[in-house]
Amino acid sequence: MNILLVEDNPTQSKLTSTILQRRGFEVDSAETLEQALKKLARPTFDAILLDLSLPDSDGINTFNKVHAITDIPVVVLSAQDDRELALQAVRQGAQDYLIKGMLSTDSLIRCLQYSVERNRVENELRRGQERLRIIMDNSYDAFLSMNSDWEITGWNVQAQQTFGWTEKEAIGHSLNLIFPTHLKKQSLRSIEQQFLNNSTRNARTTRELLAIHKDGHDFPVEIGFFRIDDEPKPSYCAFMRDITKRIEYQEELEHLVQERTKSLTQKNEELRQFAKIASHDLQEPLKAVQGFVQLLEETANGNFDKDQKEFLGFIQDGTMRMQQLIKSVLIHSQIGNNSSENYITDCNLVVEEVMADLAVSIKDTNTQFEVDWLPSINVEHSQMLQLFENLASNSIKYRSAKAPLIHFSAEESGDMWLFSVRDNGIGIDPEYKEKIFDMFSRLHGKTKYPGTGMGLAICKRIVTSHGGNIWVESKSGEGCIFLFTLPAVIAKTNVGAEK
Ligand code: ADP
């Protein structure tokens with residue numbers, strides 16, 4: 001350890017340096033303050049032993065001049081009757097003091113070693129605090145620290161920018177400084193209450209409040225408060241952010257979404273009306289064609305040759321198909337996004353109805369049903385019937401060589417029900433598992449499997465318009481599982497029986 005010994009008394013200086021050197025210290029000496037300051041220009045010392053009374057400086061000044069140019073720990077040497085002066089030096093930053101003439105070797109060594117160690121810890125602490133200050137001042141958030149009475153004790157650069165008050169102006173004021181007059185009591189009390197009710201160690205809370213700038217304008221802030229549970233009293237800190245822009249942006253976004261939703265709803269309604277009118281209008285000429293074909297048949301009175309009969313058959317098939325297509329488009333267009341909370345439909349009854357509707361084809365194909373218990377849900381009865389009937393009739397239509405077996409089941413999944421309709425039919429190549437839900441999408445020629453390609457599109461529309469999802473799991477030749485989700489019933493005390 002390197003010691004600078006500043007002592008004008010040659011005997012005392014010699015004695016002290018000899019003691020130190022014997023214990024392995026390196027000692028450099030100065031007799032005046034001027035000499036000492038020169039030596040300190042090269043700061044190679046670990047500690048300074050400083051006599052306060054030198055030929056060119058006396059008293060606390062001696063310490064202050066040394067302390068001003070170095071952070072090397074200083075141990076003050078004072079005369080016995082100057083103890084008060086030594087204490088003053090300690091208050092102003094000296095690490096310790098020793099009374100001349102009462103120096104034991106051990107106390108001198110211990111004092112120097114402690115001073116060096118204490119000084120190192122203090123310097124680290126100071127550097128840590130400086131680092132913290134730099135971090136705080138470079139934060140994008142305003143940072144405030146407060147004592148247990150909510151008086152501001154810390155205020156970073158961003159706090160000054162956010163609220164207009166300088167650190168000097170803000171320190172010592174209550175947190176109320178940043179709340180508008182009419183909200184002062186209410187804001188602070190509600191924050192205090194929040195912490196009072198929270199016994200978690202170092203509790204924290206976040207809230208949005210109205211704050212006021214020094215210039216008088218108020219603005220919304222998001223505040224994250226936390227308590228530091230120090231003894232004997234806690235203190236508080238807060239990070240605050242001006243959220244004026246965010247709120248403006250949110251409002252703008254909300255407005256935009258509302259506008260878009262309005263315009264989309266309007267367009268949807270227009271499209272629905274268009275599909276409805278178009279379907280109705282298309283049916284008229286179709287009915288006329290059917291009527292005239294019938295007239296033609298009656299007029300000809302069976303005098304058509306084979307080709308003519310075949311052509312007439314084509315016309316009848318075509319018109320019938322067209323009629324089915326128009327009917328499906330009409331159904332599809334009429335499924336809206338209207339709330340169905342007022343309907344409670346028991347799916348068990350719906351499946352029974354499906355079986356009754358399909359009784360003929362069930363009998364013809366020897367179809368078997370397995371039906372697990374099914375829930376009641378907030379979907380209009382006719383739509384549920386359409387959904388189950390489309391799926392069941394497809395399972396019969398797309399059967400394999402085996403007699404069809406159709407299994408209905410449902411399980412609860414969060415706030416939704418997951419329904420499944422499983423069959424043992426021809427299955428679907430996974431490549432088409434999304435395409436089949438598109439309008440008019442068919443995987444087979446109409447001769448082998450008649451249809452419009454609208455059945456699954458209608459199912460999808462029913463499910464998605466209630467906030468659910470529909471998909472299929474299948475492999476060619478291995479049957480299909482159609483799965484769909486629908487929201488669980490929203491309990492409503494005044495909901496009556498099924499409509
Ligand atoms: P459609 O049955 O009138 O053709 P859908 O929209 O009901 O129209 O079905 C679309 C296509 O999906 C069908 O053409 C068929 O290829 C396939 N598909 C639907 N259900 C099944 C099923 N249960 N098994 C095998 N394929 C199916």
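Visitor: Why does R241 count as partly exposed?
Guide: The scale has three classes: buried is under 20% relative accessible area, exposed is over 50%, and partly exposed is in between, using a 1.4 Å probe and protein chains only. R241 has 40% relative accessibility, so R241 counts as partly exposed. This is a predicted model, where local features need pLDDT of at least 70, side-chain atom pairs count only at pLDDT 80 or more, and totals for chains, interfaces and linings use all residues. Residues are numbered from 1 along each chain as its sequence is written, and side-chain values use heavy atoms, leaving out hydrogens and water.

Visitor: What makes the meeting of D141 and R241 a salt bridge?
Guide: The term needs a side-chain nitrogen of Lys or Arg within 4 Å of a carboxyl oxygen of Asp or Glu. Here the N to O distance is 2.5 Å, so the pair meets that cut-off. D141 sits in the loop between α5 and β6, R241 in strand β10, and 100 residues separate them in sequence.

Visitor: And is D141 buried or exposed?
Guide: D141 has 15% relative accessibility, so D141 counts as buried.

Visitor: How do you know that K38 forms a salt bridge with E34?
Guide: Their closest N and O atoms are 3.9 Å apart, so this pair also fits the definition. Both residues lie in helix α2, four residues apart, about one turn of the helix. The name helix is given to DSSP runs of H or I with at least four residues, while strands are runs of E with at least two, both numbered from the N terminus. K38 has a relative accessible area of 60%, so K38 is exposed, and E34, at 51%, counts as exposed too.

Visitor: What does the salt bridge of K39 and D28 tie together?
Guide: K39 lies in helix α2 and D28 in strand β2, so the pair ties together parts that are eleven residues apart in sequence. Their N to O distance is 2.9 Å. K39, at 23% relative accessibility, counts as partly exposed, and so does D28, at 26%.

Visitor: How do you know that β9 and β10 pair?
Guide: Two strands pair if DSSP finds at least two bridges between them. β9 and β10 have eight bridges and run antiparallel, so they qualify. Here E222 stands opposite R241, and the hairpin has six residues between its strands. On the β8 side, nine bridges join β8 to β9, again antiparallel, with E222 as the bridge partner of E208.

Visitor: Which residues touch the most other members of the largest nonpolar core?
Guide: They are M384, F388, F419 and F484, in a core of 39 residues. α13 gives the most to this core, with seven residues. A nonpolar core is a set of buried Ala, Val, Leu, Ile, Met, Phe, Trp, Tyr and Cys residues joined through side-chain atoms within 4.5 Å. There is also a second, separate core of 26 residues, which includes W150, W155, A159 and I223.

Visitor: Why does Y249 count as exposed?
Guide: Y249 has 52% relative accessibility, so Y249 counts as exposed. This residue lies in helix α9.

Visitor: What makes up the two faces of β16?
Guide: I470, V472 and S474 form the covered face, while W471 and E473 form the uncovered one. β16 pairs with β17 in the antiparallel sense over five bridges, and the bridge partner of S474 is C480.
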